[in-house]
Amino acid sequence: SASQPFGYQSPFPPHFVLGVSASAPQIEGAAFTDGKGFSNWDHFARQPGTVLGGDTLDVAVDHYHRFDEDFALMASMGVRDYRLSIAWPRIHPDGGPTVNQAGIDFYHRLFASMKRHGITPWVTLFHWDLPLPLEARGGWTSRETVDAFGRYAETVVKAFSGAVKHWITLNEIRCFTVLAYGQGIKAPGRKEPEAVVNQTIHHALVCHGLAVRAVRQWGGEGARVGLTDNSDVCVPVTETPADIAAATAWFRDRNAHILGAMHAGHYPEHYLRRVGKAAPKVAEGDFALIHLPTDFLGMNIYTGHYVRAADTPDGYETLALPPAYPRADPPWLHLMPQSIYWAPRLAHALYGHSSLFITENGCGYDDEPMIKGEVQDLHRREYLRSHLREVHRAIADGVPLDGYFCWSFIDNFEWEDGYRRRFGLVHCDYQTLKRTPKLSARYYAQVIRERRVL
Ligand code: PNW
């Protein structure tokens, strides 16, 4: 209406979560402290030519020793929800049943500090750091890893059910299976045939189910659980019924092996036809676990693909991006804010989730100079603002989107790109480990304070 010309600046709903996100292996450091075992990534980073600059996870931003300071900084930004992960190799250093009490104690101290600072934990059980002995015996290609994960989930949920009510089973199945065992970019850097890769995805899905079951059994009252997926995401070239139908079909087909399988309780026909002999082996009872109801779906949204209706057997086509298309520094991170609108909308339309969260959204750059003591990252401020507007639009259009977590709280170990590529709202000086909020941190703090797009 005329009296409200800037509708997108109306407040987010009162329950809507505005948080920040990070993961244990990318920030904790203390890689061999208090009995932590070697992880797949500790090992991978030590192989020549795997991580840019030969960077390791050994120190990272030393969050392990500085979490009090970090939570004080978060609290000063008004952050009340923080998505973190637990390092499996701290809890079960050799991947077997032996529990490292010092690892459990560390997270008890960490959750106590969060509580003192008024910050609610959203805990991911697995954010890619696997105990190395499990990797040595086949990692995600091996059913043994599924059994080990079941034990780990039980240990962790039992230990922290008093402090944690929001659980995320796994982070981004595609990244630790396809990119790790198929394309060889991520630990362990293997390039296996399609059947092996599909089996790693299947094992991950079963682990998701084991974690859901663990939270139901031992999570206590009010515990909630879901997966964080990095679905393949698309944007209809025009917001017309024809292109929207094309985008919906595209989303269903591209995510059939993960979201489709979870929803249907079996691998969809379309997927089985496509993979043929490379279909995963499914054990008795697997889909009873995979199909267990969850409380929400987490989506990590950074970018997407443009899709439109076309005269093809599938009824759609994916458009190649021209070289001039704008992006952040990672070659995969094309700027497409509408993807954060369409991903939850299409997921909701296809699978009917009653609650969705954006569990990561952010951008990374190699060169972010300090000017008079401040990183003036107007590029990140613009990225966040354009995405938050689309988040707001999704809510306005009735998508049950209940929260948004920015990736990331602080610069960190960006996997194969090492420390050079910075995703943080807060700058870390890797010489001194000094933390300095960037301009984007102040921007986001103001958004949290006013609870609207600014
Ligand atoms: C996510 N892609 O990774 C991870 O969850 C984070 O740990 C990571 O730091 C962050 O995004 C930034 O990269 C992704 O190729 C890695 O599309 C690759 C892709 C997407 C997400």
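Visitor: How much space lies in the largest cavity?

Guide: About 90 Å³. Keep in mind that this is a predicted model.

Visitor: What makes that space a cavity?

Guide: A 1.4 Å probe fits there but cannot get out, so the space counts as a cavity. The structure holds three cavities of 30 Å³ or more. At about 90 Å³, the largest one passes that cut-off.

Visitor: Which residues line the largest cavity?

Guide: Among them are Ala 24, Pro 25, Glu 28 and Gly 29. Lys 36, Asp 42, Arg 90 and Asp 129 are also part of the lining.

Visitor: Why is Lys 36 called charged and Gly 29 polar?

Guide: Lys is one of the four charged types, and Gly counts as polar, so the labels follow from the residue type. By class, this lining has five charged, four nonpolar and two polar residues.

Visitor: What is the volume of the second largest cavity?

Guide: About 60 Å³. Its lining has 13 residues, and the closest to its centre are Asn 40, Trp 41, Trp 128, Phe 176 and Ala 187. Two elements, α2 (40–44) and α8 (173–182), each give two or more residues to this lining. The largest share comes from α8, with four residues.

Visitor: What classes of residue make up the lining of the second largest cavity?

Guide: Ten are nonpolar, one is polar and two are charged. Trp, Phe and Ala count as nonpolar, so Trp 41, Trp 128, Phe 176 and Ala 187 belong to that class.

Visitor: Where does the ligand sit?

Guide: In the largest pocket. That label needs more than half of the ligand's atoms within 2 Å of the pocket's grid points.

Visitor: How many residues surround the ligand?

Guide: There are 15, and the closest are Gln 26, His 127, Glu 360, Glu 414 and Trp 415. By class, the shell has seven nonpolar, four polar and four charged residues.

Visitor: What makes the pair between Glu 414 and the ligand a polar contact?

Guide: The cut-off is 3.5 Å between N or O atoms. An N or O atom in the side chain of Glu 414 is 2.6 Å from an oxygen atom of the ligand. That distance is within 3.5 Å, so the pair is a polar contact.

Visitor: How do you know that Glu 360 and Trp 415 also make polar contacts with the ligand?

Guide: By the same test. A polar side-chain atom of Glu 360 lies 2.9 Å from a ligand oxygen. For an N or O atom in the side chain of Trp 415, the distance to a ligand oxygen is 2.9 Å. Both pairs are within 3.5 Å, so both count.

Visitor: How much of the ligand's exposed area does the protein bury?

Guide: Taken alone, the ligand exposes 450 Å², and the protein buries 91% of that.

Terms used. Residues numbered from 1 in each chain as written. Predicted model: local features only at pLDDT ≥ 70, side-chain atom pairs only at ≥ 80, totals over all residues. Heavy atoms only, no water. Near = heavy atom within 4 Å. Polar contact = N/O pair within 3.5 Å; in protein donor to acceptor, adjacent residues only side chain to side chain. Areas by Shrake-Rupley, 256 points an atom, 1.4 Å probe, with all protein chains shown as cover. 1 Å grid on protein atoms, 1.4 Å probe; cavity = no way out; pocket = protein on both sides within 12 Å on 5 of 7 lines; lining within 4 Å. Points joined across faces, edges and corners; volume = space filled by probe spheres on them.
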